[in-house]
Amino acid sequence: MIKNKCILITGAAGFIGSSLTERLLKHDNLLILVDNFNDYYPGKEKQLKEILSEYSQNSDYKLIKGDLVKFSTLADIIDEIDYVFHLAAQAGVRYSINNSAAVTYNNIVSTVNVFEYSIKIPSIQKIIYSSSSSVYGNPVYAPVDEEHPKNPISPYAVTKLSGELYADLYYKEYNLPITSLRFYTVYGPRGRPDMAIRKFFNLMHQNKEILIYGTGTQKRDFTYISDIIDGLILAGEKDNAKGEVFNLGGSSPIDVNELVEKMYRITNVQKKIRYIEKQKGDVELTHSDISKARKLLGFSPKINIDLGLTNQYKWQTSEIVV
Ligand SMILES: NC(=O)c1ccc[n+]([C@@H]2O[C@H](COP(=O)([O-])OP(=O)(O)OC[C@H]3O[C@@H](n4cnc5c(N)ncnc54)[C@H](O)[C@@H]3O)[C@@H](O)[C@H]2O)c1
């Protein structure tokens, strides 16, 4: 476990960033948290501040509200940083289809700025770049290992793959100790409101109809948030992860129809489902082969979909953020 270290987390107010912040605060680290609190969805600033007030003393963090596309946001951070977790990005495959140039600019420029900044901080032991399973596009074989061809089918996925290419460049040319992690559909407490599980629970809770894109036979490798946080920390700790790329997934995909069945069992409300046209950018299947992460990182996902969904529903109903 990473303890008593100085850690820069970008995108700290987001779903994954805030969960990582919470975990690392529990282990006496000094956190430098950067986020521009973009308006993609509301409530993240408040959510982060609640975590900070619950888990930290004032000396445990510095919160910087700033945009990473401007290098000046990072230039003033002169601390002796040990680890960088770069989670900031404009997420959302579908959003990127209608906002291609803005997403491209945001995700690529902010990533290059984080790497450029890291060159100037010699104390950095590891930089973790958060990539995505979307870099693979529609699989030509499954489960998908890291060597699988990359065929992104959305601007978002192209930005994530570009970030990996920059990670490789900065690793090889500047000796930056970067590891890229390809996350598979992450869900759980604080899950993003644009993601299917949060949206469906919200609608079910209000006894409203849910909309399924396509036939619902598309399969997703849903991965619980605490497993992703474990993977992030393991990748930070392991020396042999430098310059490497890893899939981080639950590795047990289910189709959307099966997912919705499980969710109706948990909510115990009457089914109201409508099927609508498949969305551009959506792949048919995601299915991670995590042998490499198991072997080199000791990554081992622990939370199965039934428990994970139950936890998320409890959180959504208790927070009344449905
Ligand atoms: N959630 C998933 O299923 C998933 C899957 C694959 C990859 N990822 C990647 O994981 C990371 C975190 O995703 P998330 O689901 O927590 O998303 P999120 O939208 O909840 O969090 C991203 C955070 O980054 C911040 N941000 C965006 N652009 C910024 C900028 N230019 N400067 C400063 N802050 C900025 C946002 O305000 C937000 O708080 C992203 O890089 C995303 O691409 C997520």
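Author: Let's start with a yardstick: the radius of gyration here is taken over C-alpha atoms, and the globule rule is 2.2 Å times the number of residues to the power 0.38. Keep in mind that this is a predicted model.

Reader: OK, so what radius of gyration does the protein chain have, against what a compact globule would have?
Author: The chain has 322 residues, and for that length the rule puts a compact globule near 20 Å. The C-alpha atoms fill a box of roughly 55 × 45 × 40 Å along the principal axes. The value for the chain agrees with the rule: 19 Å.

Reader: What share of the residues in the protein chain is buried?
Author: To count as buried, a residue needs 20 or more other C-beta atoms within 10 Å of its own. The chain has 11 helices and 13 strands. Of its 322 residues, the buried share is 44%.

Reader: And how much of the contacts with a separation of 6 or more comes from residues 24 or more positions apart?
Author: Contact here means C-beta atoms within 7 Å. Among contacts with a separation of 6 or more, residues 24 or more positions apart account for 83%.

Reader: Which helix gives the largest share of the largest nonpolar core?
Author: That core has 73 residues, and Ile 9, Val 84 and Phe 85 have the most contacts inside it. The largest share of this core is 6 residues, and they come from the helix spanning residues 225-237, H8. There's also a second, separate core of 9 residues, with Val 93, Val 103, Val 135 and Tyr 156 among them. Back to the helix you asked about: H8.

Reader: Let's zoom in on Ile 9. Which residue is its bridge partner in S2?
Author: S1 (residues 6-10) is mostly covered, with 4 of its 5 residues buried. S1 and S2 run parallel, joined by 5 bridges. Leaving aside neighbours within four places in sequence, Ile 9 is in contact with Gly 17, Leu 20, Thr 21, Leu 31, Leu 33, Phe 85 and Leu 87. Its bridge partner in S2 is Leu 33.

Reader: Now S4. Which of its residues are buried on each side?
Author: In a regular strand, side chains alternate between the two faces of the sheet. S4 covers residues 83-86, and both of its faces are covered. One side has Tyr 83 and Phe 85 buried, and the other has Val 84 and His 86.

Reader: Which residue in S5 is the bridge partner of Tyr 83?
Author: S4 pairs with S1 in the parallel sense over 4 bridges, and Leu 8 stands opposite Val 84 there. S4 and S5 pair in the parallel sense too, over 4 bridges. In S5, the partner of Tyr 83 is Lys 126.

Reader: On to the ligand. Which element supplies the largest share of the shell around it?
Author: 30 residues surround the ligand, and Gly 11, Gly 14, Phe 15, Ala 89 and Ser 132 are the closest. By class, the shell has 14 nonpolar, 11 polar and 5 charged residues. H1 (15-25), S2 (30-35), H5 (100-119) and S5 (126-132) each supply at least two shell residues. The largest share, 3 residues, comes from H1.

Reader: Is Leu 63 buried or partly exposed?
Author: Leu 63 belongs to S3, residues 61-65. Its C-alpha atom is separated by 15 Å from that of Val 84, 21 residues apart along the chain. Buried would take 20 or more other C-beta atoms within 10 Å. Leu 63 has 16, so this residue is partly exposed.

Reader: What about backbone oddities: which peptide bond is cis?
Author: Look in the loop between S5 and H6 (155-174), where Pro 143 is found. Omega is near -5° for the bond from Ala 142 to Pro 143.

Reader: And is Asn 207 buried or exposed?
Author: Asn 207 is in the loop between H7 and S8 (210-213), with a positive phi of about 60° although it is not a glycine. Just before it, H7 (residues 196-205) has Ala 196, Ile 197, Arg 198, Phe 200, Phe 201 and Met 204 buried. A residue with 12 or fewer other C-beta atoms within 10 Å counts as exposed. Asn 207 has 10, so the word is exposed.

Reader: Last one: what is phi of Ser 251 near?
Author: Ser 251 lies in the loop between S11 (245-248) and S12 (254-255). With 18 other C-beta atoms within 10 Å, Ser 251 is partly exposed. Its phi is positive in a residue other than glycine, near 70°.

Methods: Residues numbered from 1 in each chain as written. Predicted model: local features only at pLDDT ≥ 70, side-chain atom pairs only at ≥ 80, totals over all residues. Near = placed C-beta within 6 Å. Nonpolar A, V, L, I, M, F, W, Y, C, P; charged D, E, K, R; others polar. Core = buried A, V, L, I, M, F, W, Y, C linked by C-beta atoms within 7 Å. Contact = placed C-beta atoms within 7 Å. Pairing = 2+ DSSP bridges.
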